[in-house]
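Student: I have a structure open and I'd like to learn how to read it feature by feature. Can we go through it together?

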Amino acid sequence: MAAPLVSVVMPARDAAATVAGAIESLQRQDLLDLEIVLVDHRSHDDTFARMREKAAGDPRIRLLQCSGSFVEAANLAWRTASGTFIARMDSDDLAAPERLRLQRDFLLTRPDLAACGTLVRIRKRGADGSLSPPDGGYLRYEKWVNSLVEPEAIAAQRFIDSPMPNPTAMVRREVLEALGGYQDPAWAEDYDFWLRLLEAGHRLGKVPQVLLDWHDSGNRSTRTVERYSQTRFQEAKARYL
């Protein structure tokens with residue numbers, strides 16, 4: 001029997017400087033049966049052009065544009081995808097070549113899990129593109145989030161911070177459909193999704209290996225968009241508590 005198809009989805013906005021590298025890390029995956037869905041979300045730079053260049057000659061890539069909200073772009077991506085397993089990827093991160101294969105195999109052997117992530121290596125990206133290790137809060141977050149591997153630990157500590165790095169996620173399609181995908185609350189849509197998933201009684205786990213380089217820079221949405229602020233995170237916690 002053929003293994004289930006994996007679709008990896010990447011909504012992106014104004015990511016011309018990094019999106020090519022992120023796509024290349026997906027093209028280098030050692031999982032052959034793979035679909036890559038790219039959605040340009042109202043970019044003002046050459047993001048769509050970079051996507052189009054990488055899609056040329058690669059039949060695994062589906063290229064879309066969305067003029068709505070970022071949540072609409074994220075939902076368009078997975079709803080358009082064909083896969084049984086839907087993986088997320090951000091346009092400024094790099095996936096290890098074995099990432100998607102190991103996550104698919106992990107979910108095949110763990111039917112109790114609705115979704116899984118991986119451990120991450122956080123890197124600071126300077127204005128000149130240089131990379132350095134994290135410090136301060138991101139260093140503490142890296143240590144904390146990588147310590148949460150089994151479902152019980154993830155569920156128990158979900159109100160400290162988001163226990164699942166969203167660009168490492170792989171979710172069973174039927175779970176996304178049952179939850180209606182991402183909603184559009186005042187706070188982070190990915191944290192909201194994980195809280196709703198856990199509230200519905202689903203379980204999360206992680207492949208206990210570092211399979212994603214997660215890049216932090218001054219222009220990331222988590223630093224520049226109000227819905228990702230600590231105030232909004234507190235509102236999300238209060239709502240689900």
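Student: Let me start with one side chain. Is tyrosine 182 buried or exposed?

Tutor: Keep in mind that this is a predicted model. Buried means under 20% relative accessible area. Tyrosine 182 comes out at 6% relative accessibility, so it counts as buried.

Student: And which ring does tyrosine 182 pair with?

Tutor: Here's the general idea: a pair of aromatic rings is described by the distance of the centres and the angle of the planes. The structure has 5 aromatic pairs. In one of them, tyrosine 182 pairs with phenylalanine 193, with 5.3 Å from centre to centre and 50° between the planes, which makes the pair tilted. Tyrosine 182 is in the loop between H7 and H8, while phenylalanine 193 belongs to helix H8, so the pair ties together parts that are 11 residues apart in sequence. Phenylalanine 193 is buried too, with a relative accessible area of 0%.

Student: Which rings form a cluster?

Tutor: Tyr141, Trp144 and Trp214 do, linked by ring pairs.

Student: Now helices. Where do the buried residues of H10 fall, seen down the axis?

Tutor: Start by listing them. Helix H10 runs over residues 230-240, and Phe233, Ala236, Lys237 and Tyr240 are buried there. Looking down the axis, you find these residues within an arc of 100°, so they line one face of the helix. What they pack against is helix H8 (189-199). One more thing about Tyr240: the charged end of arginine 239 sits over the ring of tyrosine 240, at 4.8 Å from its centre.

Student: What covers the buried residues of H3?

Tutor: Helix H3 spans residues 70-80, and its buried residues are Val71, Ala73, Ala74, Asn75, Ala77, Trp78 and Thr80. Their cover includes the strands S1 (6-12), S2 (34-41), S3 and S4 (85-88), along with the helices H7 (173-179) and H8.

Student: Let's try a loop. Where is arginine 60, and what does it touch?

Tutor: Arginine 60 is in the loop between helix H2 (47-55) and strand S3 (61-66). At 22% relative accessibility, it counts as partly exposed. For contacts, skip the neighbours within four places in sequence; that leaves Gln27, Leu32, Leu34, Glu35 and Ile36. Take isoleucine 36: it is 24 residues from arginine 60 in sequence, yet their C-alpha atoms are 5.8 Å apart in space. For polar contacts, look at the side chain: a polar atom of arginine 60 lies 3.4 Å from the backbone oxygen of glutamine 27. The side chain of arginine 60 also makes a polar contact with the side chain of aspartate 58, at 3.0 Å.

Student: Which polar contacts does serine 43 make?

Tutor: Serine 43 is in the loop between S2 and H2. Its side chain has a polar atom 2.9 Å from the backbone nitrogen of aspartate 14, and it makes a polar contact with the side chain of aspartate 40 at 2.5 Å. Beyond four places in sequence, serine 43 is in contact with Ala12, Arg13 and Asp14.

Student: Last one: how do I read the whole chain?

Tutor: Count the elements, then check the overall dimensions. The chain has 10 helices and 9 strands. Its radius of gyration is 17 Å, close to the 18 Å that the globule rule gives for 241 residues, so the chain is as compact as a globular protein of that length. The C-alpha trace spans about 50 × 45 × 35 Å along its principal axes. Buried residues make up 54% of the 241 residues. And of the contacts between residues at least 6 apart in sequence, 77% join residues at least 24 apart.

Notes
Residues numbered from 1 in each chain as written. Predicted model: local features only at pLDDT ≥ 70, side-chain atom pairs only at ≥ 80, totals over all residues. Heavy atoms only, no water. Buried < 20%, exposed > 50% of the residue type's maximum accessible area, 1.4 Å probe, protein only. Helix = DSSP H or I, 4+ residues; strand = E, 2+ residues; numbered from the N terminus. Arc of directions from axis to C-beta. Contact = heavy atoms within 4.5 Å. Polar contact = N/O pair within 3.5 Å; in protein donor to acceptor, adjacent residues only side chain to side chain. Phe/Tyr/Trp six-rings, centres within 6.5 Å; stacked < 30°, edge-to-face > 60°. Lys NZ or Arg CZ within 6 Å of the ring centre and 35° of its normal. Rg over C-alpha atoms; globule rule 2.2 N^0.38 Å.
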